[in-house]
Amino acid sequence: LQELRELIPNIPFQMLLRGANAVGYTNYPDNVVFKFCEVAKENGMDVFRVFDSLNYMPNLLLGMEAAGSAGGVVEAAISYTGDVADPSRTKYSLQYYMGLAEELVRAGTHILCIKDMAGLLKPAACTMLVSSLRDRFPDLPLHIHTHDTSGAGVAAMLACAQAGADVVDVAADSMSGMTSQPSMGALVACTRGTPLDTGVPLERVFDYSEYWEGARGLYAAFDCTATMKSGNSDVYENEIPGGQYTNLHFQAHSMGLGSKFKEVKKAYVEANQMLGDLIKVTPSSKIVGDLAQFMVQNGLSRAEAEAQAEELSFPRSVVEFLQGYIGIPHGGFPEPFRSKVLKDLPRVEGRPGASLPPLDLQMLEKELIERHGEEVTPEDVLSAAIYPDVFAHFKDFTATFGPVDSLNTRLFLQGPRIAEEFEVELERGKTLHIKALAVSDLNRAGQRQVFFELNGQLRSILVKDTQAMKEMHFHPKALKDVKGQIGAPMPGKVIDVKVAAGAKVAKGQPLCVLSAMKMETVVTSPMEGTVRKVHVTTDMTLEGDDLILEI
């Protein structure tokens, strides 16, 4: 941020703040949310777009208060789903959105945003919603955010502008379209010479686009085009947010469901209805996606999943949503599905973060200094508070591999080509000259020896080939006709084993926790009995139906 501020000092920077459930379905004590906004503002953030995955007002109000107390511009956002122009879609009607807007304006928002995270706003709905907001709040800045998944994003944003929106979100041409934002160049060209003329020279747009086209090529392996080749108008049916669409596709591929992505999208519709027709944006969209993939992985229809709800090991995100960990959805929780899944598990009433005691940030800082050394910044403390596991992995990674941020982007993401020579500047006056020479065959430990020259001296190092070790993995499968054999409901990594051989277990008792691409599943016992043998250990990677234990 500091570097960007030096490059473009007069541009306001904006950041998203997810109410009180900022990441996944984790809630934070109020003091962490306030400290987060304070540090972000000190680092040059100007505008805080505050939204909540359920439009749950208590969560929104906390985020607004935190952003405002830090001195930021507060942009309260209403997450949009459904279709206000369709009279048959009654749950999320125009009256619903106008009511939310009234509450947010009353709470003191400086800017009002409509966050159309799935790109569901059609031109007719844009005209209806934005003109109603403009009539009701003539002096309030209106900002519309969308994604172009269906391909109709430019038309929708033009309709919003004509209806009275002050700001609409776009992306540089080479970064636009599909799950990104609509094309900046298209919008600039379409408004040129009209009362909505942006004043932005098209030549500058072309320059931006050319730069980002080159940058995008460096990240090709992570690009949405690796799995998505065009816009998809089926988003109007499945309502998958643009920020999730490609993630869900990659996740499906990693779980062996790549060829079944069409089924995953259909299951997403069913999962959404099972959960009560949610507003779908992080983290609620992830909850729906986890449930959809769980259903496809296990060959379950909506009727079957609901009928067997008391016995199934649902993903942790689904269970915690039903417990109330991210707030209360509009219209309440789905029954009897909720009671069947939760049984006697505890439930959270009201705003989830309200019951959390403050986090001792000074104590956390001391712990981090003891663990990682003296150089601990306020940003490190917040990272450890909000992403404890990710931060720990990051510190372990940098401690093992050194300052990898000194590497060229292509070298870091793809590695050097054999015989390629390159330089790495660790600091001013300290430059390494490296030449890649050769890579050996795989040894029995799953490692390869990498040979290279470092400042003219021959060196070698053993590197674990994680992909090859996955392929070498062999594990017995659970026999489905043997009731006591418990198999993995999805591919993933074992992150916790909760029982040992000889332990007595009750029906529904947690046995093991699996994680795959941020999706966690607690495998529970389908029966009462005694654990005969455990076949897994922590950090072991499993495929679907791999045997976990026998009861």
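At what angle do the axes of helix H2 and helix H3 cross, and within what distance do they come? Keep that in mind for a moment. First, a caution: this is a predicted model.

Now the answer. Helix H2 covers residues 30-42, and helix H3 covers residues 57-69. Their axes come within 8 Å and cross at roughly 40°. Angles under 35 degrees would count as roughly parallel, and 65 to 115 as roughly perpendicular. H2 and H3 are therefore oblique to each other. The crossing is right-handed.

Which residues make the contact between H2 and H3? From H2, we have Asp30, Val33, Phe34 and Cys37. From H3, we have Leu62, Glu65, Ala66, Ala67 and Ser69. By character, the residues of this contact split into six nonpolar, one polar and two charged.

Next, salt bridges. The structure holds 20 of them. Let me pick out one. Arg49 pairs with Glu75 in a salt bridge, and the closest N and O atoms are 3.0 Å apart. Where do the two partners sit? Arg49 is in strand E2, residues 47-51. Glu75 is in strand E3, residues 73-79. The partners are 26 residues apart, so this pair links distant parts of the chain.

Let me step back to the whole chain. The domain assignment gives domain 1 as 1-223 and domain 2 as 234-355. Then come domain 3 at 361-401, domain 4 at 409-470 and domain 5 at 475-550. How far apart are the centres of domain 2 and domain 3? Taken over C-alpha atoms, 32 Å separate them.

Now some backbone details. Which residues does a cis peptide bond join? One such bond joins Thr282 and Pro283, with omega about 5°. Pro283 is in the loop between helix H11, 261-274, and helix H12, 284-297. Another cis peptide bond joins Glu335 and Pro336, and there too omega is about 5°. Pro336 is in the loop between helix H14, 316-323, and helix H15, 337-342.

One more backbone point. Asn455 is not a glycine, yet its phi is positive, at about 50°. Where is Asn455? Look in the loop between strand E9, 447-454, and strand E10, 457-464.

To recap, with the structure on screen. Find H2 and H3 and their right-handed crossing. Then find the Arg49 and Glu75 salt bridge. Then go to the cis peptide bonds before Pro283 and Pro336. Finish at Asn455 and its positive phi.

Conventions. Residues numbered from 1 in each chain as written. Predicted model: local features only at pLDDT ≥ 70, side-chain atom pairs only at ≥ 80, totals over all residues. Heavy atoms only, no water. Domains from an automatic or database assignment. Axes fitted to C-alpha atoms, helices over the stretch in contact; angles between N-to-C directions. Helix = DSSP H or I, 4+ residues; strand = E, 2+ residues; numbered from the N terminus. Parallel < 35°, antiparallel > 145°, perpendicular 65-115°, else oblique. Left-handed = near helix turned anticlockwise from the far one by under 90°. Contact = heavy atoms within 4.5 Å. Nonpolar A, V, L, I, M, F, W, Y, C, P; charged D, E, K, R; others polar. Salt bridge = Lys/Arg side-chain N within 4 Å of Asp/Glu carboxyl O.
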